[in-house]
Amino acid sequence: MVTRDAVAVSAPGKVLLAGGYLVLDRAYTGLVFGLDARMHVVVEPISTTNGVVLNEIVVNSPQFADAVWEYGYRLVGRGGGMSITQLRVDADLSLNRNIFIETALGYAISYIAAVSSPQITPASVTILADNDYYSASQPNDKNAPKARFHNFGVPISKAPKTGLGSSAALVTAFTAAMLSYYLPKDLFDLSTEPSKRRLHNLTQAAHCAAQGKVGSGFDVASAVYGSCLYRRFSPNILASSADPGSADFATALKDLVDETSNADGSASTWNTEIHRDAVKVPKGLRLVMCDVSCGSQTPGMVKKVLAWRKQNPEEADAIWADLHTANESLAKEMKAMAEAQNFGLERLRACFTRIREVIRLMSEKSGVPIEPLAQTELLDACEKVDGVIGGVVPGAGGYDAISLLIEDKVEVIAELGKLLAGWRFRGEDGKSESGGRVTILGVREEMEGVRAERWADYKSLIAT
Ligand SMILES: Nc1ncnc2c1ncn2[C@@H]1O[C@H](COP(=O)(O)OP(=O)(O)O)[C@@H](O)[C@H]1O
Ligand SMILES: C[C@@](O)(CCOP(=O)(O)OP(=O)(O)O)CC(=O)O
């Protein structure tokens, strides 16, 4: 049997600092930063007893309870690719599915089989998530040493997320690890741009299928490419949605990912734009993320905002145009400052002020709490702290996190810590009892996207 070398890959989390909602429309861009909270995926061969070959891929996320998923796979005819079946440990137990892993696996091995027909040998996959993806990730005892990968001891669904894009980083690192493990280097090499592009296309397709919706894809884009100014792909690229194993699935997937022509002669060229050079952080500054453990989440914000925009096109277009100008000014100002090494912080401050003004107008007009009053109070208080340049509600906004651009000094973090230690966040009903605490996450911007890691660095962390 073919023997393969173990591989390890990591991909960063994200924050959409500017461009929430707008980035759903190709006419606008999003300013997205990768974050240094990464998802790590390690793939190793399963040692089988002599002669016994199990067609099995076992995925394990050892920081969580009940987080082992075993899959059988088989190649199906008619271009269907690899059909995968989750194996039950016990026929009476209900399946504990992980849709993101299941979908990423089906897409990755179907694509692998379509491009090179290698033998898909049994493998063991381990997922390790940097602690900041989940709230309350540190041991209660402040003096206790922090584990590199904290053991949460609960199922993933019970670990509150901090919103750093765990699924996009996971699907990206998982897909990259699978392609690196099974494909020869001349067909897939993570350090090259053509391979990154194929990884991006395949991951967007798998992530959208797992989510059951086509979002803007900024999270997958930053997991692959790192911080960038992002213009989305046309959503119709992912319009057809077949399942792995169904007729022609793998043939169509290969055409989609490799951008070769389809059976009907049409080519599916991805029109995603990734401008890495447009994003820079001036020396001496950094991003900070604060997690609002509020509990309340306003569902359907995207739907509501888009419905309002559809009904009020003129008013919305004016707001979208103003916000776009403000967002692009922030990106330009940061880049200009980074390149000139010039610290005209007032201009940067003005960019944040303008973005927030237009977001509040968008909130008021659409009736959707994108920057709700409780976040306005929090951001205003943070912006008064010496060394804080400005802040925003990132992504879709709401009662979630806030992002701040600050001077990269311990004193500034300490002052923010003091402010937030006593802060009681008011919940959606305006009462502090329904709100929660605000904590500074230990993450900052990360320019680099997906990357190959040294397997040896994880070896001792993985139980065999
Ligand atoms: N450490 C992990 N191990 C395995 N699966 C994970 C892990 N973290 C996240 N996931 C998968 O991603 C899903 C969360 O995705 P989603 O709700 O889109 O949140 P996010 O906004 O963080 O991406 C989980 O239900 C699980 O399927
Ligand atoms: C509204 C959006 O433009 C941005 C949402 O950004 P968030 O960072 O809030 O997203 P989630 O991680 O999915 O919760 C939707 C999109 O671009 O897909």
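Start by selecting ligand 1 and the residues around it: the shell has 15 members, and the closest are Ser61, Phe100, Ala129, Ser166 and Ser167. Bear in mind throughout that this is a predicted model.

**Ligand 1 by element**

Colour the shell by secondary structure. Helix H1, strand S6 (123-129) and helix H2 (166-182) each contribute at least two residues to the surroundings of ligand 1. Which element gives the largest share of the shell? H2 does, with four residues. Now colour the shell by residue class instead: eight of its residues are nonpolar, six are polar and one is charged.

**Confidence**

Before moving on, switch to colouring by pLDDT. The protein chain has an average pLDDT of 91, and 91% of the residues score at least 70. For the complex, the predictor reports an ipTM of 0.98 and a pTM of 0.95.

**H1 against H5**

Select helix H1 (residues 99-116), then add helix H5 (residues 249-258). The two axes come within 9 Å and cross at roughly 85°. An angle from 65 to 115 degrees counts as roughly perpendicular, and H1 and H5 are therefore roughly perpendicular to each other. Show side chains at the contact. On the H1 side, pick Tyr107, Ser110, Tyr111, Ala113, Ala114 and Val115; they meet Phe249, Ala250, Thr251, Leu253, Lys254 and Val257 of H5. By class, this contact of H1 with H5 comprises nine nonpolar residues, two polar and one charged.

**H3 on its own**

Hide H1 and select helix H3 (residues 193-211). H3 has 19 residues, and the distance from its first C-alpha to its last is 26 Å, close to the 27 Å expected at 1.5 Å a residue. Step one residue past the end of H3 to find Gly212, where phi is positive, near 75°.

**H3 against H5**

Bring H5 back beside H3. What angle and axis distance describe the packing of H3 and H5? The angle is about 130°, and the axes are 8 Å apart. This geometry makes H3 oblique to H5. To see the contact, select Arg198, Asn201, Leu202 and Ala205 in H3 together with Leu253, Leu256, Val257 and Asp258 in H5. The residues of the contact of H3 with H5 are five nonpolar, one polar and two charged.

**Last stop: H5**

Keep Leu253 and Val257 of H5 selected and show H1 again. Leu253 and Val257 are among the H5 residues that meet H1, and both are also part of the contact with H3.

Definitions and conventions:
Residues are numbered from 1 along each chain as its sequence is written. Chains are lettered from A and ligands numbered from 1 in the order in which they are written. This is a predicted model: local features need pLDDT of at least 70, side-chain atom pairs count only at pLDDT 80 or more; totals for chains, interfaces and linings use all residues. Axes are lines fitted to C-alpha atoms, for helices over the stretch in contact, and angles run from 0 to 180 degrees between N-to-C directions. Angles under 35 degrees count as roughly parallel, over 145 as roughly antiparallel, 65 to 115 as roughly perpendicular and the rest as oblique. Two residues are in contact if their C-beta atoms, placed from the backbone, lie within 7 Å. Ala, Val, Leu, Ile, Met, Phe, Trp, Tyr, Cys and Pro count as nonpolar, Asp, Glu, Lys and Arg as charged, and the others, Gly among them, as polar. A residue is near a molecule or strand if its C-beta atom, placed from the backbone, lies within 6 Å of it. The expected span of a helix is 1.5 Å times one less than its number of residues. pLDDT is the predictor's confidence in each residue, from 0 to 100.
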